[in-house]
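Hi,

Here is the structure I promised to pass on. Have a look at it first, and then read on for my notes.

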Amino acid sequence: MISLSYNHFFILSIVIFIIGCFGLFLNRRNMILILMCIEIILLAANINFVSASVFLNDINGQVFSIFILTIAAAEAAIGLAILVIYFRNKGEIDITKINQLRD
Amino acid sequence: MFLVGSFFLFSAFLVTTCIFVIFSKNPVNSVLFLVLAFLNSTFLFILIGAEFVGIILAIVYIGAVAILFLFVVMMLDIQKVTLMLNIKKYVPIAVVFASIILAEIIYLTVYKTTKVNPDIIIKHENNTEQIGDVLYTTYFIDFQLSGIVLLLAMIGAIVLTHVYRPSIKRQNIDKQNTTSSSNRVQLVKIKSGQGIKND
């Protein structure tokens, strides 16, 4: 009989964080997948914050997870806007050719 | 036992959906799996008693961010983009990162134990009231600043994606407000049988 502890959630958040990083390293051409991997990484940070807040009996972690949520939403909006104008300029979203945008 | 069982169920589902997000060939499938991952983390948050953050996660992520992703994926025709699974090139850096993170996990889970902090007195029973008690007093400035960040993101997204086309006719509000009726309408008395002379 095991009871739920902080270590369960810590390992879960680490696993999700590693999956997100793995996706970043793996898909280096599709820009929208890179944005989704960043969302996964932020979700892992959120899980860590909230579970630590619950198990340490301190509410500040949940407040900070709300701030992380705000920043994640802003980042997604800006990233997708950049993606849309990049697609309008180039006709594709291959991120390996983004260095051709200079000069 | 119910708590532990549902934790393992939801977390297994969460990890599986995150893996599917990465490995899906079609970006639309990735976005839908991302929605499922957010839903599972919502369940996990509700399971440990953080209802407010869980519901906010569902509303913000599933209702706004994932739908935004879905719109962009469907608007751009990116079926033809092929994924590059060039793993061999990145094996050394991946091994370095993975070993660092593994060492951190082992250090933190084996040598550090987390204790429940009983000193903090929680005034309210309700999770939402607890958050509101702190969010609008201690973190008031941060709360306003996050609102400014959202405003800047909105303005930035509009400015980036807005296209000015001079060929489209549109209202000029300044011109409308400064003009008067005498510039636009001319009243003519017409005598019967003569018609209007065009000056």
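To start with something you can check on screen: at what angle do α2(A) and helix α3 (residues 51–75) of chain B pack, and how far apart are their axes? The angle is about 175 degrees, and the axes are 12 Å apart. That makes the two helices, α2(A) and α3(B), roughly antiparallel. Do keep in mind that this is a predicted model.

If you want to find that contact by residue, look on the chain A side for A:I32, A:M36, A:E39 and A:V50 in α2(A). Their partners in α3(B) are B:V53, B:V65, B:F69, B:V72 and B:V73. Sorted by class, this contact of α2(A) with α3(B) has eight nonpolar residues, one charged and no polar.

A second helix pair is set up in another way. The axes of α3(A) and helix α5 (residues 127–135) of chain B come within 9 Å and cross at roughly 75 degrees. An angle from 65 to 115 degrees counts as roughly perpendicular, so that is the label for α3(A) and α5(B). Here A:N60, A:Q62 and A:V63 of α3(A) meet B:I131, B:V134 and B:L135 of α5(B). The contact of α3(A) with α5(B) divides into four nonpolar and two polar residues, with no charged ones.

Now for the whole interface. In total, 62 residues of chain A are in contact with 64 residues of chain B. On the chain A side, the elements that give two or more residues are α1 (6–26), α2 (31–55) and α3 (60–90). Of these, α3(A) gives the most, with 21 residues. By class, the side of chain A that touches chain B has 44 nonpolar, 12 polar and six charged residues.

Next, the inside. The largest nonpolar core has 61 residues, and the members that touch the most others are A:I16, A:I40 and B:L34. From chain A, α1, α2 and α3 each give two or more residues to this core; from chain B, α1 (2–23), α2 (27–47), α3 and α6 (140–161) do so. The largest share, 15 residues, comes from α2(A). Domain 1 (1–85) and domain 2 (123–166) of chain B both give residues to this core, so it lies between them. The C-alpha centres of those two domains of chain B lie 23 Å apart.

A:I40 is a good residue to click on. Leaving out residues up to four places away in sequence, A:I40 touches A:I16, A:I19, A:G20 and A:G23, as well as B:C18 and B:V21 from the other chain.

As for chain B taken alone, it has eight helices and zero strands. Buried residues make up 20% of its 199 residues. Among contacts in chain B between residues at least 6 apart in sequence, 48% join residues at least 24 apart.

One last spot to look at is B:I106, in helix α4 (residues 91–111) of chain B. Is B:I106 buried or exposed? B:I106 has 10 other C-beta atoms within 10 Å, and 12 or fewer counts as exposed, so B:I106 is exposed. The C-alpha atoms of B:I106 and B:P166 are separated by 62 Å, with their positions 60 residues apart along the chain.

Over to you now!

Cheers

Technical notes:
Residues numbered from 1 in each chain as written. Chains lettered and ligands numbered in written order. Predicted model: local features only at pLDDT ≥ 70, side-chain atom pairs only at ≥ 80, totals over all residues. Contact = placed C-beta atoms within 7 Å. Helix = DSSP H or I, 4+ residues; strand = E, 2+ residues; numbered from the N terminus. Nonpolar A, V, L, I, M, F, W, Y, C, P; charged D, E, K, R; others polar. Axes fitted to C-alpha atoms, helices over the stretch in contact; angles between N-to-C directions. Parallel < 35°, antiparallel > 145°, perpendicular 65-115°, else oblique. Domains from an automatic or database assignment. Core = buried A, V, L, I, M, F, W, Y, C linked by C-beta atoms within 7 Å.
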